[in-house]
Structure formats: structure tokens, C-alpha cells
Amino acid sequence: MLKYTQLYKNYLKSRLTLFSHQNNVLMQQSRNTFILKRKYPVPLHKKYETRAKLKHKHFIYELIEDTNVKPQKKIDVVLLENVKKIGGKGEKVSVSSQKAYETLILPKLAVYATPENLEKYLIEDQDEKKKLCTHSSQFVERTMNVLSVCYLSLSMSMDIPWVIEKWHVRVSFRKLGYIVPEDAIILPDKTISGPNLSIENKEFYILIKINNREEVKVRCKIHHYTSDPKKQIKYDVPFYQLKNIAIFPEDQPILNSLPKHRLANFDTINE
């Protein structure tokens, strides 16, 4: 009868032989660390004595720790804006590293708590904190939540030259049922002009200023339109299910952090 170790070696050889004949198998390294402990201690031996052979029970292990499911360490950040359920502007908070990066650092709602940032952004005066944490109106928080999930489709001419202006954004908001004054709209610093089919269905973001105090980012998508049926661009899926590619590559992380359309299945479309 073969020993346990020999049986295991034979099993590994058979598996490697199987994989070597399959061209469609993806062999990819994976970093995994498991801390194990023998269930039955190995018998000790004195110097110059023959080491005792290990039995099957000595190859039974107990799992002590799986580093893949280890809780993430929390990091300190300083908030640049009031963030619901996290903290107020100028406050130092501790959150998990992944949450801090995805929901605070990328949208530019917070910065890492380095000595320079602590000196620049940390607010220790309690009276000043209360003023900053108080919204300019009781309806501001609800308005920001509504505007942040808006997905503006800017229909621009395919035949006549144009440059994105505030009134284009105002009209797009009106199509969604929202009245937004032009003085509350802040466009990107870089000019967007056309017609230019290379930016068709690409995105950028704008800022909406509420009561000259709070700001909220809104996602916008360019769509070229013409009255000529032969030149019209048509898609099989709604515009909000297309890939969210930024016009300016440096804005891509911010666009990825913004809320998606409630009907969009980005996990499927962006694969």
C-alpha cells in the first residue's frame, strides 16, 4: 500500500498532466496566505537518534488564520466636505482603506491625514465646526442627493459647430424636470467643442453650486444629433448603459466614483 505522501505526489502529477494538455486553461498566480497548525504534534527525537516516521494523523492541520478575510486596517483622513454618516468638514476620521480610497479620496471629499494636510485642513475650533456642518438650508442635503444621481444627456448638433455652454446644461436639466439657473452651473475648465464624433457618448462632469455654498458633481454625456435619418447615430441599448468613458482621462477616477443611473447595469456592459 502506498504511503500518504506518495499518494499525494501521484495526485499532483496527474493534475499537472491534465492541465498541460488543456490549452484553454488559464494558469495565474494568486497570493494567498494561510496559517496552519498540526492537530497532532510531531514526536520529538534526541540528537543522533533516527527520526520517527510521520503517520497520517500528523498531516492533519487546523486553520488558525486566513489572511484573505482579515479585516482591513483603518486609516486617518481629513474631510474636505460634509459627508453623511461619516463626519463634517475639517474633521479627522478613521475609515477602512478601501472605503477611504473609493468614496472619499477619489471624489476629492477627503485627503490623507499627513502632517501637512492636518495643518492645512484640520479644524479644531468647535464653534467653527458647527457652522460648517450646518447646511445653508434644510432642503440642501435632499437636493444634493437628487442632483448627484442625475445623468444628463447633452444632445449636440452633428452639422453646426458648437461649444458647450451653460445654457446647454440648463436645457438638459429642464428635460429631466429640474430648473437650474445658469449662475449655479460651473463648467469644466477645458473647452468642449464639436461636432466631434471622437467624443460621442463620452462623459464629463459639472459642478452645481447651491445657495452659493454647497457643491455637487453631476455626470454629463455627449450625444450627437442630426435631422438627417441617414446620419443619425442609433444604439441598441439606452445611453446610460453604455461605457462611461471620460472625455478628459484625468477625470475618469472622479466619474467612476459618481453614482450610476439607477437602471444601468454597468457590471455587465463594462466587462
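**Figure 1. Helix 6 lies across strand 6, strand 8, strand 10 and strand 11 in this predicted model.** The helix runs at about 125° to strand 6. Its buried residues are His168, Val169, Ser172 and Phe173. Seen down the axis of helix 6, these buried residues fall within an arc of 135°, so they line one face of the helix. They pack against strand 6, strand 7 (162–163), strand 8, strand 10 and strand 11, and also against helix 5. Gly177 follows helix 6 and has a positive phi, near 100°.

**Figure 2. Strands 6, 11, 10 and 8 form an open sheet of 4 strands.** The strand order is 6-11-10-8, and the pairing is mixed. Strand 6 (151–157) and strand 8 (185–186) are the edge strands; each has a single partner strand, so one side of each is left without a neighbour in the sheet. Strand 10 and strand 11 are joined in the antiparallel sense by 8 bridges. Within that pairing, Glu203 has Lys221 in strand 11 as its bridge partner.

**Figure 3. Helix 5 (residues 140–148) lies across strand 10 and strand 11.** Helix 5 runs at about 25° to strand 11. Val140, Met144, Leu147 and Ser148 are buried in this helix. Viewed down the axis of helix 5, the buried residues fall within an arc of 95°, so they line one face of the helix. The packing partners of these residues are helix 6 (166–176), strand 10 (203–210) and strand 11 (214–225).

**Figure 4. Glu203 is a buried residue of strand 10.** Glu203 has a relative accessibility of 1%, and therefore counts as buried, the cut-off being under 20% relative accessible area. The side chains of Glu203 and Lys221 are joined by a polar contact of 3.3 Å. Lys221 is also the bridge partner of Glu203 in strand 11. Glu203 and Cys220 are 17 residues apart along the chain, and their C-alpha atoms are separated by 5.5 Å. Leaving aside residues up to four places away in sequence, Glu203 touches Tyr151, Arg219, Cys220, Lys221, Asn244, Ile245, Ala246, Ile247 and Leu255.

**Figure 5. Asn244 is buried in the loop between strand 11 and helix 7 (252–257).** The relative accessible area of Asn244 is 8%. A polar contact of 3.4 Å links the side chain of Asn244 to that of Asn256. Asn244 is also among the residues that Glu203 touches.

**Figure 6. Strands 4, 3 and 5 form an open sheet of 3 strands.** The order is 4-3-5 and the pairing is antiparallel. Strand 4 (92–96) and strand 5 (110–112) stand at the edges with a single partner strand each, so one side of each is left without a neighbour in the sheet. On average, neighbouring strands of this sheet are turned by 45° against each other, direction ignored. Strand 3 (residues 74–79) runs antiparallel to strand 5 and is joined to it by 3 bridges. Val78 has Val111 in strand 5 as its bridge partner.

**Figure 7. Helix 2 (residues 97–105) lies across strand 3, strand 4 and strand 5.** The helix runs at about 115° to strand 4. The three strands it crosses are those of the antiparallel sheet with the order 4-3-5.

Conventions. Residues numbered from 1 in each chain as written. Predicted model: local features only at pLDDT ≥ 70, side-chain atom pairs only at ≥ 80, totals over all residues. Heavy atoms only, no water. Buried < 20%, exposed > 50% of the residue type's maximum accessible area, 1.4 Å probe, protein only. Helix = DSSP H or I, 4+ residues; strand = E, 2+ residues; numbered from the N terminus. Arc of directions from axis to C-beta. Contact = heavy atoms within 4.5 Å. Polar contact = N/O pair within 3.5 Å; in protein donor to acceptor, adjacent residues only side chain to side chain. Pairing = 2+ DSSP bridges. Axes fitted to C-alpha atoms, helices over the stretch in contact; angles between N-to-C directions.
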